[in-house]
Amino acid sequence: MMKLSNQLSALLIISALFVSCKSDDLTNGTGKLALSVTDAPIDAANVKAVYVTFTGLEYQNSGGSWETATDFTSPQVVNILDLQNGKTSLLGNYTLKSGNYTGLRFKLDAPTKGTNNPSNPGCYVELNTGEKMPLFVPSGASSGYKANGNFSVPINGVVEVTADFDLRKSIVVTGSGSTYILNPTIKIAVNNQSGTITGLVSNLAMDKKYVVYTYEKDKYTNSESAEPSGENVRFANAISSTKISSTGAYTLAFLAAGSYDLIVVSENANGLVTVEKQVSAIVVQSQKTTSLNIAL
């Protein structure tokens, strides 16, 4: 009887140690963040490319503290404007502690607004003429630009996340078109929790350009199409947008599961913006593509 009791005690101790070790693994384990970037189109028709130099990355855990990704070691230059219609560029794979995260911060090599024009800026706009214009940032940008959104890093696993730079809202042109200022609007999408809307728009006029904007259901108001004042933009509350190609094709990628309204907008040669059509209550599901053809 004593021998059996001793064996049971030993088993209990081993079980407790096993549970303790597993609990410790859950607390101290690590995983990988595979981080890519994408973009929506910019309003300025004279802009050919927007180059951004990433110099560092920080992440915020669910407790609120910020940590530096020490394995982000080399600056990376990306033409953000080239990443549309679901196209992405991988910044890298970074090792993070397992757990929940509530944001990322990007460090950029960009000149500060108010300084002299640098001869070789890390962030710049290339115009259709070939001229390169410095892309300035507001003062205090050394703290980095925050991307909003949540993601979880699994132990010994990988979470694939895409940071969506909305350059249409992020770049402001001042000084009669001579100064470009970057104030990014960035949201985080977890790839396997996101869906896509794609399709064809028919009856397009040959002499107009078209863009489709995505809104959360019932969030769009007619006032958003009005001429903006100051440094504001049209369709400010759109969460995504994309240009419609000359063939009518469009793709809206990295949308969280939910219900959306699409606003199709045209612009003629004189810059007149017209809302052509609104399509309501389009359902997006994770890891699925919703096909939607639109006739104007």
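Reader: Which residues does Phe106 touch, not counting residues up to four places away in sequence?

Author: Phe106 touches Leu35, Phe54, Gly56, Leu57, Leu91, Gly144, Tyr145, Ala147, Ala163, Phe165 and Ile186. Contact here means heavy atoms within 4.5 Å. This is a predicted model, in which local features need pLDDT of at least 70 and side-chain atom pairs count only at pLDDT 80 or more, while totals for chains, interfaces and linings use all residues. Residues are numbered from 1 along each chain as its sequence is written, and side-chain values use heavy atoms, with hydrogens and water left out.

Reader: What makes a set of residues a nonpolar core?

Author: The members must be buried Ala, Val, Leu, Ile, Met, Phe, Trp, Tyr or Cys residues, joined through side-chain atoms within 4.5 Å. The largest such core has 45 residues, and Phe106 is among those with the most contacts inside it, along with Leu35, Val37, Val50, Phe54, Leu104 and Phe151. Strand β2 supplies the largest share of this core, six residues. Another core, of 16 residues, lies apart from it and includes Ile197, Leu255, Ile282 and Ile294.

Reader: Why is Glu58 called buried?

Author: Buried means under 20% relative accessible area (exposed is over 50%, partly exposed in between, with a 1.4 Å probe and protein chains only). Glu58 has 12%, so this residue is buried. Its place is in strand β2, residues 47-61. Strands are DSSP runs of E with at least two residues, helices are runs of H or I with at least four, and both are numbered from the N terminus.

Reader: Which side chains make polar contacts with that of Glu58?

Author: The Arg105 side chain does so at 2.7 Å, and the Lys107 side chain at 3.5 Å. Both pairs satisfy the rule: N or O atoms within 3.5 Å, where within protein one must be able to donate a hydrogen and the other to accept it, and residues adjacent in sequence count only if both atoms are side-chain atoms.

Reader: Why does Glu126 count as buried?

Author: Its relative accessibility is 14%, so Glu126 falls in the buried class. Glu126 lies in strand β7, residues 124-127. Leaving aside neighbours within four places in sequence, Glu126 is in contact with Val47, Lys48, Ala49, Tyr51, Glu131 and Lys132.

Reader: What makes an empty space a cavity or a pocket?

Author: On a 1 Å grid over the protein atoms alone, a cavity is a set of points where a 1.4 Å probe fits but cannot get out. A pocket is an open set with protein on both sides within 12 Å along at least five of seven lines, and lining residues have an atom within 4 Å of a point. The search finds one cavity of 30 Å³ or more. About 90 Å³ of space lies in the largest cavity, and among its 14 lining residues Asp39, Gly86, Ser240, Ser241 and Ala253 are the closest to its centre. Strand β17 gives the most to this lining, four residues.

Reader: Which residues lie nearest the centre of the second largest pocket?

Author: Lys187, Ile188, Phe254, Leu255 and Ala256 do, out of 14 that line the second largest pocket. Strands β13 (186-190) and β17 (249-256) each give two or more residues to the lining, and β13 gives the most, with four.

Notes:
Grid points are joined across faces, edges and corners, and a volume is the space filled by probe spheres set on the points.
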